[in-house]
Amino acid sequence: MQISTPEAAPLERHIHVTIPASEVESGVSQRLRNKARSARLPGFRPGKAPMTLIERHYGSDALMETFDHLINERYSQAVRDESLRPVGRPEVQVEKGGRGEDLVFTAVVEVYPEFDPQVPDATVIRKTAEVTDADVDATMDIMRQQRRFYVSAERPAQNEDRVTVDFQGTIDGVPMAGGDVTDYSVVLGSGRLLPDIEQGLLGMSAGEDRTVAVQFPAEYHVAELAGQAAQFHLQVREVAAPQLPEVDAAFALALGIEDGDVAVLRQEVRENLEREAQRISRGQVKAQILDLVVASNHPDLPRQMIGQELERLQKDANAAAGGDLDALARRRVVLGLVLSEIVRREKLRASPAEVTQVIRDMSEQYEDPEQFISWYRSNPEQMEQAEALVLEDKVVAWLLERVKVSDEAVSFNQLIGRAPTGETNAE
């Protein structure tokens, strides 16, 4: 057995093996004897056919089975003896072999690179935010907006009003297919109608009618209407103004507060915002560390791993629209190699309780968390992903203990990326 590494492919191992003809013949003979014990051939009882006939019928199969067994055995022995860490299955090429001949083959396999993971010599900025009463108020306002209702208004329509309208569309005086609509309700400013129609509805009152010119966009999704000039006759049935619910016991009850206590509702909102602030802060720190890991480590990359990652990215529509897939695949492979090497060296493990907690955290966004947990646990691949998430967080925690961390206090709005113009950092 000889093992070589091509200069142009430092992660490849070429395992050259020669197995004596006598060992091949011994394996073939044993397999033929095994087949002879139960072979059913015309004119003979089971196990009574002569060996010459067994060889004629099963000789080729026995030879291939022997080849498979000997190749797998010698390859596995080479992996153990040389402490190789294969990335995937080997490519095997039989160069010589047959009855009465030595079996000569070469197995080519990529191995994981040997390298020392580098801890980034950089400072990680950890942004933290204190949730204020103003943040709670702003969130309560959003919740009110989500539960707004409409009340008929005896005035001309304006943006954010809900207008109920009939309209008929024509092109050159000919009615459009699907252009006659009755009792259509739309909130002005929502972008659901063509801009020319929305503009035409502004300022109209219930009972009023108006004809507006409409230009369909050149890229309109209905091909026969794209780029066409049309006229729409609008007849407003109702104008309704938006109203926000009061923050009172009824509002709290609607949001699941059993006794309708508004103070309890505000405390729940505050706690949710605090959890969200912590989650975002941890995510930002993690993203910084992973970026620094990629910039600080340059291991040789197995071509097989890059190819597999590229294949996954090409199936992901979001990733495919994001630009340079090759660069993204290389980044992911670097991260995977570095993180797994730290896991291996530091003997990090994901306990069943930690994996369960990750799944429970994911389940919180679903209506039936227990059903989600049961479904998630039924898929081994998903369970592996949950374990990988736990290990990734453990590696990030390990790195955090070894890099410089600078805390920066910011407002909650700044932390979540929606700071008003001119807002400054929290003191």
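**Group meeting: salt bridges, a sheet and a helix crossing**

Let's start with a network. Arg 85, Glu 114, Asp 116, Glu 341, Arg 344 and Arg 345 are linked by salt bridges. Keep in mind that this is a predicted model. Why can such links form? Side chains of opposite charge can pair when their charged atoms come close.

How many salt bridges does the whole structure hold? A search finds 32. I'll go through three pairs.

First up, Arg 74 and Glu 73. Their side chains meet in a salt bridge, at 2.9 Å from N to O. Are the two partners buried or exposed? Arg 74 has a relative accessible area of 14%, under the 20% cut-off, so it counts as buried. Glu 73 is at 34%, so it counts as partly exposed.

Next, Glu 238 and Arg 162. Here the N to O distance is 3.9 Å. This salt bridge links distant parts of the chain. Glu 238 sits in strand S10, residues 229–243. Arg 162 sits in strand S7, residues 162–171. In sequence they are 76 residues apart. Glu 238 is partly exposed, at 25% relative accessibility. Arg 162 is partly exposed too, at 27%.

The third pair is Arg 330 with Asp 326. The closest N and O atoms of this salt bridge are 3.3 Å apart. Where do these residues lie? Both are in helix H9. They are 4 residues apart, so about one helical turn separates them. Arg 330 is partly exposed, with a relative accessible area of 38%. Asp 326 is partly exposed as well, at 35%.

Stay with H9 for a moment. Helix H9 covers residues 325–346, and it packs with helix H6, residues 262–296. The angle is about 95°, and the axes are 9 Å apart. How do we class that crossing? An angle from 65 to 115 degrees counts as roughly perpendicular, so H6 is roughly perpendicular to H9.

Which residues meet there? From H6 we have Leu 290, Asp 291, Val 293 and Val 294. From H9 we have Arg 331, Val 334, Leu 335, Val 338 and Leu 339. Sorted by type, this contact has 7 nonpolar residues, no polar ones and 2 charged ones.

Now the sheet. It is an open sheet of 4 strands, in the order S1-S2-S4-S3, with antiparallel pairing. Which strands are at the edges? S1, residues 2–4, and S3, each of which pairs on one side only. On average, neighbouring strands are turned by 20° against each other, direction ignored. As background, strands of a sheet pair through backbone hydrogen bonds.

Let's zoom in on S3. It pairs with strand S4, residues 103–110, over 5 bridges in the antiparallel sense. Gln 93 stands opposite Thr 106 in S4.

What lies across this sheet? Helix H2, residues 51–81, lies across S1, S2, S3 and S4. It runs at about 50° to S4.

One residue to finish: Lys 96. It belongs to strand S3, residues 91–96. Its relative accessible area is 42%, so it counts as partly exposed. Which residues does Lys 96 contact, leaving aside its neighbours within four places in sequence? Glu 101, Asp 102, Leu 103 and Val 104. Then there is Thr 18. Lys 96 and Thr 18 are 78 residues apart in sequence, yet their C-alpha atoms are 9.1 Å apart in space.

Conventions: Residues numbered from 1 in each chain as written. Predicted model: local features only at pLDDT ≥ 70, side-chain atom pairs only at ≥ 80, totals over all residues. Heavy atoms only, no water. Helix = DSSP H or I, 4+ residues; strand = E, 2+ residues; numbered from the N terminus. Buried < 20%, exposed > 50% of the residue type's maximum accessible area, 1.4 Å probe, protein only. Contact = heavy atoms within 4.5 Å. Axes fitted to C-alpha atoms, helices over the stretch in contact; angles between N-to-C directions. Parallel < 35°, antiparallel > 145°, perpendicular 65-115°, else oblique. Nonpolar A, V, L, I, M, F, W, Y, C, P; charged D, E, K, R; others polar. Salt bridge = Lys/Arg side-chain N within 4 Å of Asp/Glu carboxyl O. Pairing = 2+ DSSP bridges.
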